[in-house]
Amino acid sequence: MIVGVPTEIKPDEYRVALLPVGAEELTRHGHRVLVQSGAGIGSGIPDELYAENGAKIVATADEIFAQADLVIKVKEPLPAEWPKLRAGQILLTYFHFAANEELTRAVLSTGITAVAYETLRGAKGNLPCLTPMSEVAGRMSIQQGAKYLERPQEGRGILLGGVPGVPPADIVIFGGGVVGKNAAQIAAGFQADVSILDINVDRLRYLEDIMPANVNTLFSDRHTVREQLMKADLLIGAVLIEGARAPVLVKEEDLKLMKPGAVIIDVAVDQGGCVETARPTTHSDPTYIVNDVVHYCVANMPGAVGRTSTYALCNVTFPYALRIANHGLNAACTADPGLAHAVNMSAGKLTNRAVAETFGLAYEEYLPGA
């Protein structure tokens with residue numbers, strides 16, 4: 001199989017979808033690997049390392065998309081890449097279709113097979129390819145929140161941990177999953193007062209057991225949400241419904257409850273956001289203000305720490321890429337139903353039920369053995 005790795009073109013995206021060791025493994029199994037020149041630079045990986053490990057360095061993305069049977073990326077294809085996609089090709093990347101109808105329809109029309117990291121299920125029903133980037137984003141959310149609470153960034157002028165005689169910041173986290181857990185751990189280390197809201201009581205019990213005393217767990221309902229908005233200096237949106245659009249927990253009118261200069265970090269923005277006023281931003285222009293509340297809604301937060309994120313991502317995604325290359329997608333999915341669940345589109349058919357329902361499109365089950 002010809003495996004292609006193009007350079008990411010999303011603004012301020014520094015990750016790459018394959019490590020040099022991955023190129024070595026693929027070529028050792030008889031596959032041909034094409035890597036676009038400069039694809040790894042943002043992660044500190046020069047072209048020479050790929051070449052030394054069996055990859056062929058090519059100049060343009062056009063060459064990658066024209067030749068590769070399997071294209072491995074990090075982020076969803078942007079409009080400039082849509083015309084390069086061709087029927088019969090497999091694209092393995094994060095898609096987050098439910099947040100973008102235009103992307104969904106455009107990719108569907110190409111006839112490719114779209115394998116989405118974010119809906120790939122592990123043996124225990126977890127989301128192994130989403131987990132490492134959620135860990136990075138959760139930790140980064142507190143790092144960014146601390147910065148944007150500073151007055152020069154138009155925040156409240158709050159130090160997360162306070163100082164003796166002055167109380168720490170109140171940090172409210174919507175969602176107790178991987179993002180929320182990691183955000184809470186970092187926030188607790190800053191000595192802030194932290195509250196995690198979730199609707200899964202078992203998850204709240206688990207978090208209560210493992211978190212330090214300055215982290216409180218709360219069942220999420222409309223009244224509790226409003227109460228927490230009034231106290232929050234920093235709000236972290238960390239809600240996930242697998243493959244579907246994130247539920248909107250904070251309406252625009254609710255922002256009036258928040259303190260002027262409070263900060264919202266909506267990590268769920270790549271799935272549409274859990275704050276009604278959230279819209280995707282970039283690392284170059286990360287924030288905007290609505291009703292005196294600072295919004296940070298960068299849709300590819302882990303991209304800023306490309307080296308950490310690339311290694312964390314490839315550690316979990318590469319085994320799946322190798323299985324697809326070695327056995328073909330259908331055989332790999334027959335052997336691993338969790339991988340089959342990652343097939344969001346197959347040859348012009350939408351095979352993700354949540355996405356189909358979101359946009360009122362026809363759904364057809366993916367049957368790898370058919």
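Me: What makes Ile142, Leu160, Ala187, Ala192, Asp193, Val194, Ser195, Leu234 and Ile236 count as contacts of Ile171?
Reply: Contact means heavy atoms within 4.5 Å, and these residues are in contact with Ile171 once its neighbours within four places in sequence are left aside. This is a predicted model, where local features need pLDDT of at least 70, side-chain atom pairs count only at pLDDT 80 or more, and totals for chains, interfaces and linings use all residues. Residues are numbered from 1 along each chain as its sequence is written, and side-chain values use heavy atoms, with hydrogens and water left out.

Me: Why is the set that holds Ile171 called a nonpolar core?
Reply: The name fits because such a core is a set of buried Ala, Val, Leu, Ile, Met, Phe, Trp, Tyr and Cys residues joined through side-chain atoms within 4.5 Å; buried means under 20% relative accessible area, exposed over 50%, partly exposed in between (1.4 Å probe, protein chains only). The largest core has 75 residues, and Ile171, Ile173, Leu234 and Ile236 touch the most other members. A second, separate core of 27 residues includes Val71, Ala98, Leu103 and Ala114.

Me: How do you know that the lining of the largest pocket has nonpolar, polar and charged residues?
Reply: Ala, Val, Leu, Ile, Met, Phe, Trp, Tyr, Cys and Pro count as nonpolar, Asp, Glu, Lys and Arg as charged, and the others, Gly among them, as polar. Sorted that way, the lining divides into 22 nonpolar, 13 polar and seven charged residues.

Me: And which classes line the second largest pocket?
Reply: By those classes, its lining has seven nonpolar, three polar and five charged residues. Among its 15 lining residues, Ala99, Asn100, Val269, Asp270 and Pro280 lie nearest its centre.

Terms used:
On a 1 Å grid over the protein atoms alone, a cavity is a set of points where a 1.4 Å probe fits but cannot get out, and a pocket is an open set with protein on both sides within 12 Å along at least five of seven lines; lining residues have an atom within 4 Å of a point.
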